[in-house]
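Please find below my notes on the structure, set out as numbered points. They concern side-chain contacts, cysteines, surface and backbone.

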Amino acid sequence: MSLETVWLALLGLLLAGYFVLGGYDYGAQMLHPFLGRDEPEEKRTSGNAALDAIAPFFLGNEVWLVAFAGVLFGAFPHLEGTLLSGMYPLIVAILAGLVLGNAAVQLRRRSRSLRGRRAWDVLIVFGGAVPAVCWGLVVGLMLHGVPRRADGSFHIGFGEVFTPFVLACGATTVLLFAAHGAAFVALRSEDDIATKARELGAKLIGGAAAVGALALLLTLFGVGASMTNRATSAVITAAFVAALGAGWWYLTRGHEVLAFVATCCATALPVLLLGAGHYPYLLTTGAGAGLDIDHAITDDATLKILSGFGVLVIPTILAYQFWSWWAFRGRTGQRHPSYF
């Protein structure tokens, strides 16, 4: 395996890890008003159960996004320049959602009034939904292909974003991340909240499957995804459908660990579809051409220098993630206090 392929696999691993870990953060943020404790109105905290579930991991999961951005900037400078400039509005919306959502989660607990908490609740939901939608739109655009100008740059306008296929990908991602968040809340919460989260998660998976079927139907009619490696893409798509089905099955039968594993697979597989389905292209025009790995990646000398840092940084990230999961294992309220 060449060094270029190794770095491409690492880029995909970091993005998939962020989709898995950041995905349940987004999902819990979107769902927390619907998973509140049954308390009197004057004492109601409107959804602390979902926030408590993600509290120990909330900011730590953003490390995967930072690492992904670092690899993108360092190892794939030509892809970074093209991707960020072409999708600038979506990237800005993702960052705005992250900042507002993180601030709202932190500031909500400082509010002493019910009205104040409700105002922060709106921003928390916004901070989860907007990045989820925009990531789905980014995935949809990259699957569909984007126009290329005469100078070799890629241009993405409103006409490319507001197409049925891309919008279907955005809606599928929102529902998938919400279902993933519900599975995580069910895994981490006590019985009453876990039951409610399982029921909600199963419905959300059904919705994600329905909208995803629309995207697949558009692809079959030639106005959806335009994949370079169709056989590989078909296998990954089948695995995605199977993961959704497994998530729904396990949620409806109360198998929370297996349900969460299934939704983890479902959130990671779109990244694999992008990488393996388009290889060796990283950005395509939809006509079988585009920016391939040889033109997107930096030179070998730079890659060798970056590899030295990668050997130290990546294991550190993984070790921290495993430690945090071990330290805060168990359900909320049993092994650590409420944070929000």
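1. Status of the model. This is a predicted model, and the points below should be read as descriptions of that prediction.

2. Salt bridges. How many salt bridges are there by the rule applied? The count is two. Arg108 pairs with Asp121, and their closest N and O atoms are 2.6 Å apart. Arg108 belongs to helix H5 (residues 88–108) and Asp121 to helix H6 (residues 114–144), so this salt bridge ties together parts that are 13 residues apart in sequence. Both partners are covered: Arg108 is buried at a relative accessible area of 2%, and Asp121 is buried at 5%.

3. The other salt bridge joins Arg198 and Glu256, with 2.4 Å between the closest N and O atoms. Here the pair links distant parts of the chain, 58 residues apart, with Arg198 in helix H9 and Glu256 in helix H11. Arg198 has 18% relative accessibility and counts as buried; the cut-off for that class is under 20%. Glu256 is buried too, with a relative accessible area of 11%.

4. Aromatic pairs. By the rule used, 15 aromatic pairs are counted. One of them is Tyr24 with Trp325, an edge-to-face pair with 6.3 Å from centre to centre and 80° between the planes. Tyr24 sits in helix H1 (residues 3–31) and Trp325 in helix H13 (residues 300–327), so the pair links parts of the chain that are distant, 301 residues apart. Is Tyr24 buried or exposed? Tyr24 is buried, at 0% relative accessible area, whereas Trp325 is partly exposed at 27%.

5. Aromatic cluster. Tyr24 and Trp325 also belong to one aromatic cluster, together with Phe57, Phe184, Phe260 and Phe328.

6. Charge over a ring. Which residue lies over the face of Trp249? That residue is Arg253, placed 3.5 Å from the ring centre.

7. Cysteines. A search of the whole structure returns zero disulfides. Cys134 has the sulfur of Cys169 as its nearest cysteine sulfur, 14 Å away, and is in no disulfide. Cys134 counts as buried at 7% relative accessibility. Cys264 is likewise in no disulfide, and the nearest cysteine sulfur, that of Cys265, is 6.9 Å away. A disulfide needs the two sulfur atoms within 2.5 Å, and the distance of 6.9 Å for Cys264 does not meet that. Cys264 counts as buried, at 16% relative accessibility.

8. Nonpolar surface. Where is the nonpolar surface patch of about 630 Å²? Leu214, Leu216, Leu217, Leu220, Phe221 and Val223 make it. Leu214 lies in helix H9 (residues 191–220). Leu214 is partly exposed, with a relative accessible area of 41%. Helix H9 also carries Arg198 of the salt bridge in point 3.

9. Cis peptide. Most residues other than glycine have a negative phi, and most peptide bonds are trans. The bond joining Tyr279 and Pro280 is a cis peptide bond, with omega at about 5°. Pro280 is in the loop between helix H11 (256–278) and strand S1 (281–284). A colleague inspecting the model may wish to look at this loop directly.

10. Backbone approach at Ala179. How many residues apart along the chain are Ala179 and Gly201? They are 22 residues apart, and their C-alpha atoms are separated by 4.5 Å. Ala179 is placed in helix H8 (residues 164–188). Ala179 is buried, with 1% relative accessible area.

11. Backbone separation at Gly245. The C-alpha atoms of Gly245 and Ala266 are separated by 9.7 Å, for residues that are 21 apart along the chain. Gly245 is found in helix H10 (residues 230–252). At 38% relative accessibility, Gly245 counts as partly exposed, whereas Ala179 in the preceding point is buried.

Key. Residues numbered from 1 in each chain as written. Predicted model: local features only at pLDDT ≥ 70, side-chain atom pairs only at ≥ 80, totals over all residues. Heavy atoms only, no water. Phe/Tyr/Trp six-rings, centres within 6.5 Å; stacked < 30°, edge-to-face > 60°. Helix = DSSP H or I, 4+ residues; strand = E, 2+ residues; numbered from the N terminus. Buried < 20%, exposed > 50% of the residue type's maximum accessible area, 1.4 Å probe, protein only. Lys NZ or Arg CZ within 6 Å of the ring centre and 35° of its normal. Patch = residues over 30% accessible without salt bridge, like charges linked within 9 Å, V, L, I, M, F, W, Y side chains within 5 Å. Areas by Shrake-Rupley, 256 points an atom, 1.4 Å probe, with all protein chains shown as cover. Salt bridge = Lys/Arg side-chain N within 4 Å of Asp/Glu carboxyl O.
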